[in-house]
Protein chains: 2
Amino acid sequence: MPRTTLKNIAQAAGLSTTTVSLVLNDKPHHISKKKCQLVKDLAIKMNYRPNRLAVGLIKKQSKNIGLIVPDISNAFFAEMTKGVEDIVRSNKYNLLLCNSNGRNNLELECINMLADSSVDGLIITMSPESFGAKEQLSLNALKSLGLHAVIVDSFNEINQFSTVSIDNFQAACSAVEYLISLGHKRIACITGPIGPKTTENRLNGYKYSLKKHNISYNENMVFHGDYHYQSGYDAVAVLLANKPTAIFCLNDQMAYGAVKALKKQGLRVPDDISVIGFDNIFFSQMVEVPLSTVSQPIYKLGEKAAQILITELTTKQKTQHLVLEHTLKIRQSTAKINN
Amino acid sequence: MPRTTLKNIAQAAGLSTTTVSLVLNDKPHHISKKKCQLVKDLAIKMNYRPNRLAVGLIKKQSKNIGLIVPDISNAFFAEMTKGVEDIVRSNKYNLLLCNSNGRNNLELECINMLADSSVDGLIITMSPESFGAKEQLSLNALKSLGLHAVIVDSFNEINQFSTVSIDNFQAACSAVEYLISLGHKRIACITGPIGPKTTENRLNGYKYSLKKHNISYNENMVFHGDYHYQSGYDAVAVLLANKPTAIFCLNDQMAYGAVKALKKQGLRVPDDISVIGFDNIFFSQMVEVPLSTVSQPIYKLGEKAAQILITELTTKQKTQHLVLEHTLKIRQSTAKINN
DNA sequence: CTGTTAGCGCGTTCAA
DNA sequence: TTGAACGCGCTAACAG
């Protein structure tokens, strides 16, 4: 049995579809109270609900918003997505979810598919691959498709899209400064893939803070991981050669891996070596050694992105670059240097 | 600048929209090679992409699939969603994501919104509230809207929808039997909210295995949690009164909470008390004491659900009830009884 | 106060 | 070999 359409209820009421449409959409009209009531009753009785595709086609707005993330099964993106979803839904939009699997070409496909679905706008966290020329590819796609977009976890002053993120440079500084305040001088760093601004900024914060405290920067104290658990684990074997007393991991997942590897090497965290992470995903309070970390307001990042997008969509407001506050979350994986 | 439409390219080619449509959709036709080529070239040059809303409206299939989960920020659902998304996308569908926040009324709203968006079908994990009469509410909504649906993590032989899940009863049995094989007799259980079949089946498995081994069932050894970390933590204070030597938690999150509380009480896991979980979410290998648990094929649950749905959509295949294999994942939170 | 007409962008008869 | 005409379900202009 097909859904009841405007026409169905128009027929049942003996009126035109226009009349019914006017009444049901609360448009200004001059239709008799009785007919109004008739239409409304009928709509309820026949369980009428407008077809969003048809409305979207004519109004040129689908009431759909797209979200592109590298990997929804990653705790960071899952929590961010929740923030997006809550705002989107409370504004009567639907959310189209896409995974780019961290690949720039898939990201481009997602952008196109979402455009094909006439999304009113989209929220995107660029894939790790999308930096430099490839980032431009994505940005240009968005631009040429005339899409409204908000970019999360990336800060690009010169582009025409709104952004939401924390100040990754300062956040990294605060983590490293904290380590230094604990007496650490031999501070290693496990990074994500080199290229994206987010990673660059964190790494620059690390370098800056070292320099500021007259600690010379040693390339061998930096391991380039990929933001996954395993790379944090693998990094330890390499970094230990340089006898660090602390390790700054550019995300929590890699910190978990590092802690695990350290334990396997017979080193105690934080007694023998300190580890600090970045993100403060939910599980960081529950891992073997509750993780000290730079806390990002992950859920809020998603919320704000959605709010900004919807605001841009409804009012004709210009783009903005929102920087959310980070905090340092001290738990038990860091301690004063001990020697 | 608006997107190029069929009409645009028809004009540019000096042909009718019909001709263009025929060519671009590879429909049987008798159009000269040259014109064919012209159309195809133009389509590429003008970057033509069909409007999915328009196509959906006319074909009566939107190529959209809906997914309703209680909470996408929950690691279990995030991973399941990834499985769904991968299959959905590789079949050229789009995914509409909805959170029910665990509430039946929101679940109903989601179902309606998805129906309004003309989704071709949907995948749903019922909210914990949706059991008994409330479950029927959701089921009836799906039915009366004529929606194709696949239900994940729930098994209901009498309904008309396909289901995908593991055998929760057997899975619970295997966990408890394992504990018993380790010599445990005083086995406590931390459950989720009572009502949903999934929880009931696990609890019944627990009871059945106890009985099978002549261990009398003691109501005070069962704590009714809510599947969240905190309730696992809170349960311990209550359960300890009955001196259990092992605790069976109906999901991993609560197991983490239990382990944490146990530690706080000065008890060592597994030396003083064993803990076993359920789900095997990704983090269970990384928590303080790597968790022994019943492993569900979470990603596969999502994959299979999507595959079944798409199969039902394309071929007119009847519903099926797929039961996936679980396994027991023994890690370090369980040990032989020690007294 | 209400209905007719037109069309959003597309696919599908049918006639030419 | 091609195109005009129709309709998916709906809204918006303009009549009347």
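Which residue stands opposite Leu96(A) in E2(B)? It's Leu96(B), and the views below work outward from there. This is a predicted model, in which local features need pLDDT of at least 70, side-chain atom pairs count only at pLDDT 80 or more, and totals for chains, interfaces and linings use all residues. Residues are numbered from 1 along each chain as its sequence is written, chains are lettered from A and ligands numbered from 1 in the order in which they are written, and side-chain values use heavy atoms, with hydrogens and water left out.

**View 1. Strand E2 of chain A meets strand E2 of chain B.** E2(A) and E2(B), the latter covering residues 94-99, run antiparallel and are joined by three bridges. Helices (H or I, at least four residues) and strands (E, at least two) are DSSP runs, numbered from the N terminus; two strands pair if DSSP finds at least two bridges between them.

**View 2. The interface of chain A and chain B.** Here 51 residues of chain A are in contact (heavy atoms within 4.5 Å) with 51 residues of chain B. The two chains bury about 4,600 Å² between them, 58% of it on carbon and sulfur atoms. Leu53(A), Met113(A) and Asp116(A) supply 15% of what chain A buries against chain B, more than any other three residues. Buried area is the accessible area (1.4 Å probe) that two parts lose on being put together, summed over both.

**View 3. Polar and charged pairs across the interface.** Six salt bridges cross between chain A and chain B, with a salt bridge taken as a side-chain nitrogen of Lys or Arg within 4 Å of a carboxyl oxygen of Asp or Glu. One to look for joins Asp116(B) to Arg49(A), where the closest N and O atoms are 2.2 Å apart. There are also 21 residue pairs in polar contact across this interface, both residues at pLDDT 80 or more. A polar contact is a pair of N or O atoms within 3.5 Å; within protein, one must be able to donate a hydrogen and the other to accept it, and residues adjacent in sequence count only if both atoms are side-chain atoms. On the side of chain A that touches chain B, H5(A) gives the largest share, eight residues.

**View 4. A salt bridge inside helix H5 of chain A.** Lys82(A) pairs with Asp86(A), their closest N and O atoms 3.7 Å apart. Both sit in H5, four residues apart, about one turn of the helix. Over all chains, the structure holds 17 salt bridges.

**View 5. DNA strand C and its surroundings.** 24 residues surround this strand, the closest being Thr18(A), His30(A), Ile58(A), Leu6(B) and Lys27(B); a residue counts as near if one of its heavy atoms lies within 4 Å. Of the strand's atoms within 4 Å of the protein, 69% belong to sugar or phosphate and the rest to bases. The side chain of Lys35(A) has an N or O atom 3.1 Å from a phosphate oxygen, while that of Thr18(B) has one 3.1 Å from a base oxygen. H4(B) gives the largest share of the nearby surface, three residues.

**View 6. Strands E9, E10 and E12 of chain B.** E9(B) (274-279) and E10(B) (292-295) run parallel, joined by four bridges, and Asp279(B) stands opposite Ser295(B). E10(B) also has three bridges to E12(B) (327-329), this time antiparallel. Thr293(B) has Lys329(B) as its bridge partner in E12(B).
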